[in-house]
Amino acid sequence: MLYLYDLTVCIMERKDYVFDAAKTAEAVIEWVKDYFAQAGAESKAVLGMSGGKDSTVSAAILARAIGPERVIGVSMPQGNQSLNEADRICAALGIKMYTVNIGKACSELIAAISEAGAELSHASITNIPPRVRMTTLYAIGQSNNARVLNTCNLSEDYIGYATKFGDGAGDFSILANLTVTEVLAIGDYLGLPYEWVHKTPDDGLPHSCPDEVKIGFTYAELDEYIRCGKVPEGYVHNNPEEGLKVDKIERMHRANLHKLQLMPSFKL
């Protein structure tokens with residue numbers, strides 16, 4: 001059985017929560033089969049392949065559910081950024097892969113906006129590559145009758161660790177209700193190489209650092225908080241001046257709810 005959560009009220013406060021990786025993985029595979037049965041026999045799936053755990057586990061699930069011949073992986077490095085083994089992963093799964101370097105597109109877009117006289121903040125420049133990547137996925141997807149997979153997981157979504165209309169976009173999702181800990185367990189259940197599933201996660205941006213260093217707490221702490229209501233001990237980066245870990249988790253959650261909710265609209 002898959003557990004579905006409203007992310008505004010997903011703290012469970014359960015001490016007996018036990019995750020069944022095998023049961024959940026098979027349920028996800030069946031869900032994907034049903035989704036594509038409705039989409040049509042000729043439909044395909046396309047996803048960005050970063051070489052990280054989420055895209056690797058997602059690609060493996062898709063390949064098992066609808067067949068590798070219906071799955072397209074797209075690696076989108078920026079400039080001289082590494083493929084992070086995305087090519088090896090796609091080859092091992094037997095799925096088609098395109099490599100699209102987005103470096104020039106991002107640079108020219110930033111230059112064009114600057115030439116127009118608009119000043120770009122560091123945050124907006126940082127978020128341009130993820131949005132260019134999503135544009136690329138939709139272009140390839142539309143040309144191949146393919147639905148775009150969102151590869152964000154519950155842990156990242158809870159704290160808003162995704163770019164709106166970038167990696168936070170997509171036509172369907174299979175990890176949105178699974179924590180990082182659970183995604184890792186499913187990757188292990190599927191028999192994927194340990195070094196592919198358990199890579200140190202980072203945001204994939206130039207000069208990036210590990211996620212857990214940047215956010216100030218571990219995914220294990222975050223996942224226990226989400227699933228069991230267990231409050232993580234201590235301060236962010238063990239620094240009292242930055243506040244308690246639980247306070248930062250909830251600040252990030254509240255500040256980023258707009259990324260998870262439908263666009264507000266005026267109703268007559």
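Here is a friendly exchange about a predicted model, from its core and sheet to its charged pairs.

Trainee: What should I know about the model before we start?
Mentor: It is a predicted model in which local features need pLDDT of at least 70 and side-chain atom pairs count only at pLDDT 80 or more, while totals for chains, interfaces and linings use all residues. Residues are numbered from 1 along each chain as its sequence is written, and side-chain values use heavy atoms, leaving out hydrogens and water.

Trainee: Which helix gives the largest share of the largest nonpolar core?
Mentor: A nonpolar core is a set of buried Ala, Val, Leu, Ile, Met, Phe, Trp, Tyr and Cys residues joined through side-chain atoms within 4.5 Å; buried means under 20% relative accessible area, exposed over 50%, and partly exposed in between, with a 1.4 Å probe and protein chains only. The largest one here has 49 residues, and Val32, Ile61, Leu62 and Ile159 have the most contacts inside it. Helices (H or I, at least four residues) and strands (E, at least two) are DSSP runs numbered from the N terminus. Eight core residues, the largest share, come from residues 53-66, helix H2.

Trainee: How many residues are in the other core?
Mentor: That core lies apart from the largest one and includes Val46, Val132, Ala146 and Val148. Its residue count is 14.

Trainee: In what order do the five strands of the open sheet stand?
Mentor: Two strands pair if DSSP finds at least two bridges between them, and the pairing in this sheet is parallel. Strands E3 (96-99) and E5 (172-173) each have a single partner strand, so one side of each has no neighbour in the sheet. The order is E3-E2-E1-E4-E5.

Trainee: Which residue in E4 is the bridge partner of valine 46?
Mentor: Strand E1 (residues 44-48) and strand E4 (residues 146-150) run parallel and are joined by three bridges. The partner of valine 46 in E4 is valine 148.

Trainee: Which side chain makes a polar contact with the side chain of glutamate 250?
Mentor: Glutamate 250 sits in helix H11 (residues 245-255). Glutamate 250 is buried without a salt bridge (a side-chain nitrogen of Lys or Arg within 4 Å of a carboxyl oxygen of Asp or Glu), and the nearest side chain of opposite charge, arginine 254, is 4.4 Å away. A polar contact is a pair of N or O atoms within 3.5 Å; within protein, one must be able to donate a hydrogen and the other to accept it, and residues adjacent in sequence count only if both atoms are side-chain atoms. At 3.0 Å, the partner is tyrosine 225.

Trainee: How far apart in sequence are the parts tied together by lysine 199 and glutamate 85?
Mentor: Their salt bridge has its closest N and O atoms 3.2 Å apart. Lysine 199 lies in the loop between helix H8 (194-197) and helix H9 (211-215), and glutamate 85 in the loop between strand E2 (71-75) and helix H3 (86-93), so the pair ties together parts separated in sequence by 114 residues.

Trainee: Is lysine 245, the salt-bridge partner of glutamate 221, buried or exposed?
Mentor: The two side chains meet at 2.9 Å, N to O. Glutamate 221 is in helix H10 (residues 219-228) and lysine 245 in helix H11, so the pair ties together parts 24 residues apart in sequence. Like glutamate 221, lysine 245 is buried.

Note on methods: Lys, Arg positive; Asp, Glu negative; His and termini not counted.
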